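Grab a viewer and something to scribble on. The exercises here go from chains to single torsions, and each comes with a worked solution.

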Amino acid sequence: MKRIILVLVSLLMNAGILLAQETKIDVFPAAPYDRFIIYQTLAIFWVGIIGLIIIIRMKLKEIERIQSLGIDKEDKDTPLLD
Amino acid sequence: MSYQRLKDWFEERYDIEPLRVFAKHKLVPRHKYEILYYTGGIAMFLFIIQFITGIVLAFYYVPHHEFAYKSIIEIVTKLNMGWFFRSLHHWGAQLAILALFIHAFSTLLLKSYRKPRELLWLTGIVLLGISIFFGLSGYLMLWDERAFAAVRVATGGAGNLPLIGNFIKSFLRGGIDVTGETLIRFYAFHVSLLPLVTMILIGFHVFLVQYHGMSIPLSQEKKVHGYTPFFPNLLYKDLIIWLIVLGIMVTFATLLPPEIGKKADPLAPAPENIKPEWYFLFLFQTLKFFPGEIMGLNGETIAIILISCGIFFFFLIPFFDRKSSRGEKSVLFTWIGVLYTLYFIIMTIIGFLS
Amino acid sequence: MKIDYSLVTRRTFLNALFGGWLVAFCGGSLYALLKFAFPTLGKEPDFVVLNVKDFIDISPNSVKPFAWGGKLGLFFKKEDGSTHALKGVCTHMECNVTYKPDEKKFYCPCHKGWFDENGKNIEGPPPKPLEFFEIQTEGEKLIIAKKGIKVELPKA
């Protein structure tokens, strides 16, 4: 008897959860394939950001090196370095 | 090189030498708290992101009480990347307000509002208020149960102000109650009035920062290690921080897209356990502490008056803090600043937990 | 000013790397934004399915409008009783055209363009004739399709 009640209760609970989920609106693509692509894109995005940060740090070092050499203050009539 | 020719063309017509001189001489002091200089830049970056995502969302959103909810569901479920841009706009708003609060409280605690920067403080606090209103009006756009109840509470709270309360309430609501009229009104605020005022104020605020230069905290005035040129060193550092913020925002937007509740129904009972957005929690929690009636007066009115006084004092703090303006240490106002900060943080936490 | 160590090359290299990476990064982000801002919705359909009863009985020398995607389509019965369907959009500036039964011509009021009953542009600014569709009937269904499109109806 106890078992039957337990099963019934758990069934009811499951049904309740299912019903509750039905009213929810998908705010995120549900298909696993889409999800995979999204997470992959997110990872690539972070790689892009980290790459940019590394390059900016390299540039900053370069700028600071030039500044410490004191050659960033160019004269007006120096030819353009391109 | 055509770039050179373009430059020459421009410079023949416009004298940008003063700008160049200015850029070369814009220096930022180095000291213990220099990291707080970045908070303003973060807030501005987030505002730009909000403008961009907001514009594209406005392409699809329908500001009508019957279609608003459906149009957002359509954005989220049918359009390419729609769920992402809505989520990004949501998280951008959260982070922007967080950045603004950090920016404001660090200004308060380091007393950067002192003479001659009073106007910077005033414009900044107005911008903070506008951002909160941005948040509230943007939240109503969703037109779900929670948004509906939140706006009803917030506008009703404003209605408790003596004398002008009712006028403000009916102006905000566009009627005596929150209806479809309110939605259109808030939409107009959200997409035209507030962005316009924000742009003007940010322009003025940033101009004033350039005019005064960076403020150095009183305690650090003698401990400045030196100065870093803004162009290009700090610009690159800003860029690094912006990229990190962008990454965090995109990650949040992807992993935690905001839920959509049930469509608002003016006749339905308010949903249970309703909580406002986190930046309203300290107000919400304060209101809870007041009983319904204090000595025959409406408790809520008293609470609203007290809160208004607190905000008003906060707003005018540079004019009360005479000592800092003279360049002396002002212990009293340090404590007041700490009190405000702690009050905000503790009340927000209590609001979260309760 | 010539410097012994290779300052310029390193700087240019870093600039190129930074610029290229930045362009790629911003381009990727912008692509996502544009994908959202310009969805491929509202594209013209390849065919539409209508109800035969609504259209077949119109009187000769008249037209009846139908929705061709978001645009105007015209179901057209000539005076001799033959039926046609065409896109009711002028080829000049995309105004909707009207049929003038008295003159047996299509008329575009925006810039005074005229088409004859076969859709040929005969007067005014329109550069091309009107687009005619193919008509098929399948039981109750009236299928109007672009010329040269194979219609595959979803099995219901």
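What follows is a set of short exercises on this predicted model.

**Exercise 1. Work out how chain C is put together: how many helices and strands does it have, and in which pattern do they follow along the sequence?**

Step 1: count the elements. Chain C has 2 helices and 10 strands.

Step 2: read along the sequence. The pattern is α-β-α-β-β-β-β-β-β-β-β-β.

Step 3: look at burial and contacts. Of the 156 residues in chain C, 16% are buried. Take the contacts in chain C with a separation of 6 or more: 34% of them come from residues 24 or more positions apart.

For a contrast in make-up, turn to chain A. That chain has 2 helices and 0 strands, and buried residues make up 2% of its 82 residues.

**Exercise 2. Find the hairpin formed by β2(C) and β3(C), and say how many residues sit between the two strands.**

Step 1: locate the strands. β2 covers residues 62-68 of chain C and β3 covers residues 71-77, and the two pair in the antiparallel sense over 7 bridges.

Step 2: check one pair. C:Ser62 has C:Lys77 in β3(C) as its bridge partner.

Step 3: inspect the turn. There are 2 residues between the strands, and C:Gly69 in the turn has a positive phi of about 60°.

**Exercise 3. Trace the open sheet of chain C that has 4 strands: what is the strand order, and is the pairing parallel or antiparallel?**

Step 1: the order is β5-β6-β7-β8, with antiparallel pairing.

Step 2: find the edges. β5 (98-100) and β8 (121-123) of chain C each pair on one side only, which makes them the edge strands.

Step 3: get the twist. Ignoring direction, neighbouring strands of this sheet are turned by 40° against each other on average.

Step 4: zoom in on one edge. β7 (residues 113-116) of chain C pairs with β8(C) in the antiparallel sense over 2 bridges, and C:Trp114 has C:Glu123 in β8(C) as its bridge partner.

**Exercise 4. Check whether the end-to-end distance of helix α9 of chain B agrees or disagrees with its number of residues.**

Step 1: α9 of chain B runs over residues 180-212, so that's 33 residues, and at 1.5 Å a residue it should span 48 Å.

Step 2: compare. The end C-alpha atoms are 46 Å apart, which agrees with the expected span.

Step 3: look for a bend anyway. α9(B) bends by about 40° at B:Phe189.

Step 4: see what is tucked away. B:Phe189 is one of the buried residues of α9(B), which also include B:Arg185, B:His190 and B:His205. The cover over these buried residues includes α4 (68-77), α6 (118-141), α7 (145-158) and α8 (165-173) of chain B.

Step 5: step off the end. B:Gly213 follows α9(B) and has a positive phi near 80°.

**Exercise 5. Hunt for unusual backbone torsions: where are the places of B:Pro116 and B:Pro232?**

Step 1: B:Lys115 and B:Pro116 are joined by a cis peptide bond with omega about 5°. B:Pro116 sits in the loop between α5 (82-110) and α6 of chain B.

Step 2: another cis peptide bond joins B:Phe231 and B:Pro232, with omega about 0°. B:Pro232 is in helix α10 of chain B.

Step 3: now the positive phi values outside glycine. B:Leu163 has a phi of about 65° and lies in the loop between α7 and α8 of chain B. It counts as exposed because it has 6 C-beta neighbours inside 10 Å, and the cut-off for exposed is 12 or fewer.

Step 4: C:Glu94 also has a positive phi, near 65°. C:Glu94 is in the loop between β4 (83-87) and β5 of chain C, and with 10 C-beta neighbours inside 10 Å it counts as exposed too.

**Exercise 6. Describe the side of chain B that touches chain A: which element gives the most residues?**

Step 1: 19 residues of chain B are in contact with 16 residues of chain A.

Step 2: α4 and α10 (230-255) of chain B are the elements that give two or more residues to this side. α10(B) gives the most, with 11 residues.

Step 3: sort by type. This side of chain B divides into 13 nonpolar, 5 polar and 1 charged.

Step 4: do likewise for chain C against chain B. Here 6 residues of chain C are in contact with 7 residues of chain B, and the chain C side has 5 nonpolar, no polar and 1 charged.

Methods
Residues are numbered from 1 along each chain as its sequence is written. Chains are lettered from A and ligands numbered from 1 in the order in which they are written. This is a predicted model: local features need pLDDT of at least 70, side-chain atom pairs count only at pLDDT 80 or more; totals for chains, interfaces and linings use all residues. Two residues are in contact if their C-beta atoms, placed from the backbone, lie within 7 Å. Ala, Val, Leu, Ile, Met, Phe, Trp, Tyr, Cys and Pro count as nonpolar, Asp, Glu, Lys and Arg as charged, and the others, Gly among them, as polar. A residue is buried if 20 or more other C-beta atoms lie within 10 Å of its own, exposed if 12 or fewer, and partly exposed in between; C-beta atoms are placed from the backbone. Two strands pair if DSSP finds at least two bridges between them. Axes are lines fitted to C-alpha atoms, for helices over the stretch in contact, and angles run from 0 to 180 degrees between N-to-C directions. The expected span of a helix is 1.5 Å times one less than its number of residues. The bend at a residue is the angle between axes fitted to the seven residues ending there and the seven starting there.
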